[in-house]
Amino acid sequence: MATYLIRRLLLMVLTLFGISVLIFVLLRIVPGNIADILFDAAGMVSAAEKLKLEAELGLDKPIVVQYVDWIGGLARGDFGYTYVSERPALEEILPRIPVTAKLAALAVMFSVLLGVPLGVVSAVRQNTALDYVLRVASLSGLSLPSFWLGLLILMAFVQYAGWIPIYTEKPARLWDELALLSIPAAAAGLRSSALVMRLTRSSMLEVLRQDYVRTARAKGASPAAVNYDHALRNAMLPIITIIGIEAAFLVGGLIVTETVFNIPGVARFLVEAIRWRDYPVVQNLVMFIAIIVVSVNFLVDMAYAVLDPRIRYEE
Amino acid sequence: MAVAHEGGAFDLARNRAAGLSSSLAHFLRRYPLGAAGAAIVLAIVLMALLADWITVFDPTATDAHASLARPGGAHPLGADFMGRDMWSRIAFGARISLAVGVGATSLGCIIGVSIGLLSGYFGGWLDLLAQRFMDMLQALPLLVMALVMSAALGPSLENVILAISIPLVPTVARVIRSNTLMLREMPFVEAARAVGMNEISIALRHVLPNTLAPLIVLATAQLGSAILVEAALSFLGLGIPEPYPSWGRMLSESAAEYVRTAPWLVIYPGLAISLAVFGTNLLGDALRDIFDPRLRL
């Protein structure tokens with residue numbers, strides 16, 4: 001177990017290192033240097049200011065030094081400086097994290113509460129009319145762009161309630177905030193729930209084909225006991241990995257949903273930073289997202305290894 | 001897996017021999033959902049090909065008098081703020097969606113197959129390197145990767161295709177690699193080696209054609225994702241630039257403000273995206289059942 005853990009940990013660090021190089025290089029193939037772009041975006045004029053900016057960003061240093069400076073800064077929690085609002089980027093990002101975290105948690109909750117039971121029902125009733133309906137429903141769920149779903153929800157609000165949820169001012173009470181956030185969370189979570197449902201269904205079908213399920217049926221256990229006691233308990237393990245797959249999937253949903261609903265979260269901040277061509281901030285935010293996704297996958301792998309004694313750690 | 005897909009291929013071949021119409025009838029009966037998906041995809045392809053003939057207005061022609069015209073009359077689906085006909089923009093938008101979808105999927109598959117085949121067939125340090133690179137690409141969410149690439153490359157049709165194709169590579173490479181690993185040990189590969197065929201010819205002439213079935217299934221699934229990512233990129237203002245009519249950008253122009261005033265500007269482009277993706281997804285599921293029942297998702 002310990003060697004497995006260390007190996008996975010090393011692999012994770014290696015992956016993150018690779019990603020950091022990739023992002024770093026990618027944002028440097030931008031035509032023109034970052035100072036030029038910031039120069040236009042922030043509306044600075046004098047040449048002296050530009051030189052100062054270049055020195056401040058370390059663009060006059062060799063590329064390897066720039067990379068090391070960047071990583072060192074990240075390790076110290078230095079997220080750079082947003083030239084548009086003229087504040088340290090961390091000051092902009094930190095207050096946005098709780099909003100996105102709550103939204104993501106609600107969306108995951110929504111997708112699991114909807115996706116897992118429907119996936120199980122669909123598998124247990126395989127090839128019935130109900131299974132067909134659920135499969136078509138999950139496939140349509142996967143086909144809806146979450147930003148369009150968000151717009152449709154807004155439209156329904158205008159039509160039936162006469163108002164549109166506003167997110168720029170935070171409600172005083174946590175419950176009010178969560179209730180308000182559950183609207184966009186449903187928009188972001190629906191696509192994930194369709195994904196969760198499909199994965200749950202196939203994982204459940206896999207288990208239902210196993211010998212021990214047939215044995216349980218043969219010894220006369222009731223269908224409910226077979227399905228829920230024997231099968232579902234074993235199908236739960238693969239479902240944990242689904243959460244790992246979902247993490248990366250959900251980020252995309254959050255980006256467009258926060259934009260549609262005008263929610264001041266981290267995901268929308270990334271889009272804004274890209275629009276402002278604020279590349280130092282983009283670089284840091286993408287790295288931040290990569291760290292989260294890679295860590296979630298690592299934790300899922302660990303949970304899986306701990307929960308499933310059949311997994312062999314050597315190989 | 002090879003056995004399963006060969007069986008499927010034989011079935012299809014037998015049907016082909018019995019006549020195209022009976023094979024079509026078989027497909028319709030066996031896979032009604034897949035047939036529905038194929039019909040939707042076909043309709044959208046036809047819309048893209050015939051866009052010049054089925055529309056009256058130029059999709060980029062503005063008309064102050066028609067600004068925010070309601071659906072009906074000369075503009076069956078209404079007109080946007082600049083008076084551009086929605087039906088024309090949706091029909092011509094199909095070209096953009098398909099061009100990006102097919103372009104990005106093909107490019108992603110070509111790169112993915114090359115990497116998967118090389119790393120699966122030859123193994124060793126090449127495989128190790130390729131696998132770690134795929135780990136990296138997979139750790140970044142599809143949309144984030146496409147966003148960053150598109151921002152770095154600058155907005156143009158070609159760059160959007162490139163930006164969307166790269167994040168599609170790892171899935172293809174992984175599937176082709178695992179297939180190649182299995183095929184490499186097959187008796188017919190051993191036979192080819194025994195008669196003195198060189199390794200590269202074996203990989204290209206014996207292994208590659210046998211990975212075609214899972215590749216078709218994967219490519220169909222990826223096509224749907226590519227169309228969705230293009231829509232999302234354009235919606236965020238980082239995709240297809242003006243003057244191309246892109247379904248995603250039509251929503252960003254109309255977005256939240258038209259939810260109140262001109263709902264048709266929100267409903268139709270979204271419907272077009274959803275239908276296109278739904279069609280490819282239905283078709284993809286049916287193809288998976290036909291070619292490769294064990295490949296899931």
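# A two-chain predicted model

Buried residues make up 51% of the 297 residues in chain B. A residue is buried if 20 or more other C-beta atoms lie within 10 Å of its own, exposed if 12 or fewer, and partly exposed in between, with C-beta atoms placed from the backbone.

This is a predicted model, in which local features need pLDDT of at least 70, side-chain atom pairs count only at pLDDT 80 or more, and totals for chains, interfaces and linings use all residues. Residues are numbered from 1 along each chain as its sequence is written, while chains are lettered from A and ligands numbered from 1 in the order in which they are written.

## Confidence

The predictor gives the complex an ipTM of 0.85 and a pTM of 0.86. Its confidence in each residue is the pLDDT, which runs from 0 to 100. For chain B the mean pLDDT is 83. In that chain, 90% of residues reach 70 or more. Residues 1–10 of chain B are another matter: pLDDT stays under 50 there. The model has 13 contacts beyond four places in sequence for this stretch. Two residues are in contact if their C-beta atoms, placed from the backbone, lie within 7 Å.

## The build of chain B

Chain B has 13 helices and zero strands. Both kinds of element are DSSP runs, numbered from the N terminus: helices are H or I with at least four residues, strands are E with at least two. Read from the N terminus, the chain B elements go α-α-α-α-α-α-α-α-α-α-α-α-α.

How far apart in sequence are the residues that chain B contacts join? Take the contacts between residues at least 6 apart in sequence; 69% of them join residues at least 24 apart.

## Two helices checked for length

The expected span of a helix is 1.5 Å times one less than its number of residues. Here are two helices set against that rule.

| Helix | Residues | Expected span | Distance between end C-alpha atoms |
|---|---|---|---|
| α3 of chain B | 32–49 (18 residues) | 26 Å | 25 Å |
| α4 of chain A | 63–75 (13 residues) | 18 Å | 19 Å |

For α3(B), the distance agrees with the expected span. The distance for α4(A) agrees as well. Just after α4(A), G77(A) takes a positive phi of about 80°.

Which residues of α3(B) are buried? They are G34(B), G37(B), A38(B), V41(B), I44(B) and M47(B). The buried residues of α3(B) pack against three helices of chain B: α4 (51–54), α5 (86–122) and α13 (264–291).

## Two residues on α5 of chain B

R95(B) lies in helix α5 of chain B. Is R95(B) buried or exposed? R95(B) is partly exposed, because 18 other C-beta atoms lie within 10 Å. Beyond its neighbours within four places in sequence, R95(B) is in contact with A48(B) and A51(B). R95(B) and Y244(B) are 149 residues apart along the chain, yet their C-alpha atoms are separated by 9.5 Å.

S119(B) is also found in helix α5 of chain B. S119(B) counts as buried because it has 25 C-beta neighbours inside 10 Å. Leaving out neighbours within four places in sequence, its contacts are L126(B), D127(B), A130(B), Q131(B) and R177(B). S119(B) and N281(B) are 162 residues apart in sequence, and their C-alpha atoms are 29 Å apart in space.

## Where the chains meet

In the model, 43 residues of chain A are in contact with 41 residues of chain B. On the chain A side, at least two residues each come from α1 (2–26), α7 (129–143), α8 (146–161), α9 (174–208), α11 (223–260), α12 (266–275) and α13 (279–307). That side divides into 34 nonpolar, seven polar and two charged residues. Here Ala, Val, Leu, Ile, Met, Phe, Trp, Tyr, Cys and Pro count as nonpolar, Asp, Glu, Lys and Arg as charged, and the others, Gly among them, as polar.

The largest nonpolar core has 171 residues. Such a core is a set of buried Ala, Val, Leu, Ile, Met, Phe, Trp, Tyr and Cys residues joined through C-beta atoms within 7 Å. The residues with the most contacts inside it are L103(A), L270(A), A146(B), V148(B), I164(B) and A232(B). α13(B) gives the largest share of this core, 16 residues. V148(B) touches I23(A), L26(A), V282(A) and V286(A), residues up to four places away in sequence not counted.

## Two asparagines in loops

N127(A) is not a glycine, yet it has a positive phi of about 65°. N127(A) sits in the loop between α6 (97–124) and α7 of chain A. N127(A) counts as exposed because it has 8 C-beta neighbours inside 10 Å.

N262(A), not a glycine either, has a positive phi of about 55°. Its place is the loop between α11 and α12 of chain A. With 16 C-beta neighbours inside 10 Å, N262(A) counts as partly exposed.

Methods. pLDDT = per-residue confidence, 0-100.
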